[in-house]
Amino acid sequence: MDKSDIETIEIDLFVEAMARRHGYDFRHYAKASLRRRVAGMLDALGCTTVAEMLPLILHQPELLPSILSNLSVPVTEMFRDPPVFKALRTEVIPVLATYPRLNIWQAGCATGEEAYSLAILLAETGLLERSQIYATDINDAALAKAEEGIYPAEIITKYAESHRLAGGSLDLQSYFSMAYGFGKIDPAIRAHVSFAHHNLVADGVFCEVNMIVCRNVMIYFDTLLQNRVLDLFGQSLVRNGFLCLGSRENVAFAAAGRQFATVNKILRIYKKTGGEA
Amino acid sequence: MTHHPLEVVVIGCSAGGIEALHTLLPALPPDFPLPVVVVIHLSSGAPTLLPQVLQTGCTLPVIEAEERQPLRPGCIHVAAPDYHLLIEPDHTFALSADAKVNNSRPAIDLTFISAAEVWGAGVLAILLTGASADGARGMQAVKARGGICIVQDPATAQAPAMPAAAIATGVADHIAKLDEITGIVVSLCCISDR
Ligand SMILES: C[S@@+](CC[C@H](N)C(=O)[O-])C[C@H]1O[C@@H](n2cnc3c(N)ncnc32)[C@H](O)[C@@H]1O
């Protein structure tokens with residue numbers, strides 16, 4: 001048995017400790033990514049093996065927030081995959097426009113860029129005033145950043161190109177107040193986004209929504225957990241409500257995926273059909 | 001000399017990689033017995049029709065590696081742009097949207113490391129032309145678990161930095177020109193345990 005085989009055992013023990021000591025269940029996360037993240041926090045904790053982290057997890061609960069942050073890396077962008085936002089604009093927004101009120105759930109919001117992108121899209125199509133976006137994540141540090149809505153100016157400049165490719169009309173900077181090399185999201189946009197802690201592994205339905213955007217979150221889950229989450233989405237969506245996944249995500253592997261019909265196959269946009277799974 | 005039977009071939013390349021793969025992949029015989037995984041860096045905005053591009057001249061099917069799909073013998077799986085490509089213990093693919101590594105997503109290191117974790121000595125890793133140092137750490141991980149490492153001779157690579165960085169770590173079992181590499185691969189994978 002070499003170091004790598006031993007590490008496989010250590011990761012299992014880590015996951016068990018997190019679940020039983022803190023109630024955070026990573027048992028159904030995809031193994032390769034989880035392993036990389038656990039091994040990736042060794043240095044920060046001053047450990048040379050994963051086994052050395054176990055006493056910290058069990059006996060130093062004050063470390064939990066930073067461990068959770070490391071396990072759920074919040075990497076995101078504004079208008080990531082511009083063609084998706086363009087398709088939302090042309091294929092989904094016209095349908096959403098027929099509702100008098102819109103609730104949108106953006107699950108796995110990380111530091112907020114995607115939620116604000118959706119709000120800007122709604123503003124540009126005249127729907128923002130009747131919309132509320134509920135953006136959720138398990139990473140509290142990321143949620144705190146999302147709440148602030150402050151991003152470095154040079155990143156906003158980079159996102160401006162994606163915004164343009166997504167069909168945006170105004171300059172992206174006009175949705176921020178710029179100062180000292182940072183931009184703060186316009187309060188008129190901010191007012192329509194609420195951020196909250198919600199764990200897709202453990203928590204239930206929290207409101208009825210017309211669209212769910214959950215991109216690049218379920219790729220980290222195994223099929224069993226993906227199935228649970230798709231069930232949760234099915235229960236949360238109104239009939240004919242939309243589901244938008246990440247560019248390389250797929251509902252085909254999970255039984256609960258059967259309640260969704262394809263709207264745009266390439267861009268992974270689906271619609272809840274009448275029938276139950 | 002007997003080696004643990006090989007179970008997978010992983011290939012990494014960057015600048016000049018498409019041309020190199022156009023030499024390497026068509027030379028694999030139609031009865032090639034192992035799954036092949038290809039990780040190539042693309043500048044964003046490059047065509048995402050990579051599998052179609054690489055299919056030209058190949059007898060083996062070239063497809064994009066999709067999440068939750070099992071690796072198939074005799075199939076060339078190409079990493080999707082803008083996601084890291086990992087392999088699960090049950091020999092299916094997993095994608096990751098984590099931050100870039102070595103300024104790249106997909107990063108060659110991550111795919112090689114996860115292949116080494118899953119297959120140990122069953123990995124044959126090949127590192128070709130490229131202008132970064134991605135792949136060197138991955139080659140070390142493959143070597144540490146008893147896998148075999150082939151590196152393109154930097155003198156023959158369109159961009160020598162990447163193969164040179166891997167060679168500098170001292171893990172290369174073979175340093176060879178592209179046309180020699182196919183010969184080595186075929187003899188290691190098709191003949192040894194038959
Ligand atoms: C790669 S980011 C995706 C961000 C954004 N949706 C995008 O595509 O740009 C994945 C996010 O999922 C969150 N996440 C992971 N597990 C979760 C869970 N069980 N419940 C809710 N969010 C989770 C992470 O904290 C992280 O912020």
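The following questions and answers concern a predicted model and treat its chain contact, salt bridges, internal spaces and backbone geometry.

Reader: How many residues does chain A bring to the contact with chain B?

Author: The model is a predicted one, and totals for interfaces use all residues. On the one side of the contact stand 22 residues from chain B. The other side, that of chain A, takes 29 residues.

Reader: Which three residues supply 30% of the area that chain B buries against chain A?

Author: The size of an interface is often given as the accessible area lost when the parts come together. Chain B and chain A bury about 2200 Å² between them, and 43% of this lies on carbon and sulfur atoms. Within the area that chain B buries, one trio supplies more than any other three residues: B:Glu67, B:Arg68 and B:Asp98.

Reader: Which elements of chain B give two or more residues to the side that touches chain A?

Author: Between chain B and chain A there are 16 residue pairs in polar contact, with both residues at pLDDT 80 or more. The side of chain B that touches chain A has eleven nonpolar, two polar and nine charged residues. The elements that give two or more residues to this side are β5 (84-87), β6 (93-96) and α3 of chain B.

Reader: Which residue of chain A meets B:Arg145 in a salt bridge?

Author: Side chains of opposite charge can pair when their charged atoms come close. The count between chain B and chain A is seven salt bridges. For B:Arg145 the N to O distance is 2.9 Å, and the partner is A:Asp5.

Reader: How many residues apart in sequence are the parts that A:Arg215 and A:Asp81 tie together?

Author: Over all chains the count comes to 19 salt bridges. In the one between A:Arg215 and A:Asp81, the closest N and O atoms are 2.8 Å apart. A:Arg215 lies in the loop between β7 (209-214) and α10 (223-236) of chain A, whereas A:Asp81 lies in the loop between α4 (64-71) and α5 (82-96) of chain A, so the parts that the pair ties together are separated in sequence by 134 residues.

Reader: Which helices each supply at least two residues of the lining of the second largest pocket?

Author: The second largest pocket holds about 810 Å³ of space. Its lining has 26 residues, and A:Glu7, A:Ala39, B:Ile113, B:Glu117 and B:Ala141 lie nearest the centre. By class, this lining of the second largest pocket has eleven nonpolar, six polar and nine charged residues. The helices are α1 (3-22) and α2 (31-40) of chain A, with α3 (108-119) and α4 (136-144) of chain B.

Reader: What is the volume of the largest cavity?

Author: The structure holds three cavities of 30 Å³ or more. The largest cavity is lined by 26 residues, with A:Val73, A:Gly108, A:Asp137, A:Asn216 and A:Val217 nearest its centre. Its lining divides into eleven nonpolar, nine polar and six charged residues. The volume of the largest cavity is about 410 Å³.

Reader: How many nonpolar residues does the lining of the second largest cavity have?

Author: The second largest cavity has a volume of about 40 Å³. Its lining consists of B:Val9, B:Ile11, B:Leu24, B:Leu28, B:Phe32, B:Val36, B:Ile126 and B:Val185. Polar and charged residues are absent from this lining, and the nonpolar count is eight.

Reader: Which residue does a cis peptide bond join to B:Arg105?

Author: Most residues other than glycine have a negative phi, and most peptide bonds are trans. Here omega is about 5 degrees. The partner lies in the loop between β6 and α3 of chain B. The residue joined to B:Arg105 is B:Pro106.

Reader: What is the phi of A:Tyr180?

Author: A:Tyr180 lies in the loop between β4 (176-179) and β5 (182-185) of chain A. This residue is other than glycine, yet its phi is positive, near 50 degrees.

Key
Residues are numbered from 1 along each chain as its sequence is written. Chains are lettered from A and ligands numbered from 1 in the order in which they are written. This is a predicted model: local features need pLDDT of at least 70, side-chain atom pairs count only at pLDDT 80 or more; totals for chains, interfaces and linings use all residues. Side-chain values use heavy atoms; hydrogens and water are left out. On a 1 Å grid over the protein atoms alone, a cavity is a set of points where a 1.4 Å probe fits but cannot get out, and a pocket is an open set with protein on both sides within 12 Å along at least five of seven lines; lining residues have an atom within 4 Å of a point. Grid points are joined across faces, edges and corners, and a volume is the space filled by probe spheres set on the points. Helices (H or I, at least four residues) and strands (E, at least two) are DSSP runs, numbered from the N terminus. Ala, Val, Leu, Ile, Met, Phe, Trp, Tyr, Cys and Pro count as nonpolar, Asp, Glu, Lys and Arg as charged, and the others, Gly among them, as polar. Contact means heavy atoms within 4.5 Å. Buried area is the accessible area (1.4 Å probe) that two parts lose on being put together, summed over both. A salt bridge is a side-chain nitrogen of Lys or Arg within 4 Å of a carboxyl oxygen of Asp or Glu. A polar contact is a pair of N or O atoms within 3.5 Å; within protein, one must be able to donate a hydrogen and the other to accept it, and residues adjacent in sequence count only if both atoms are side-chain atoms.
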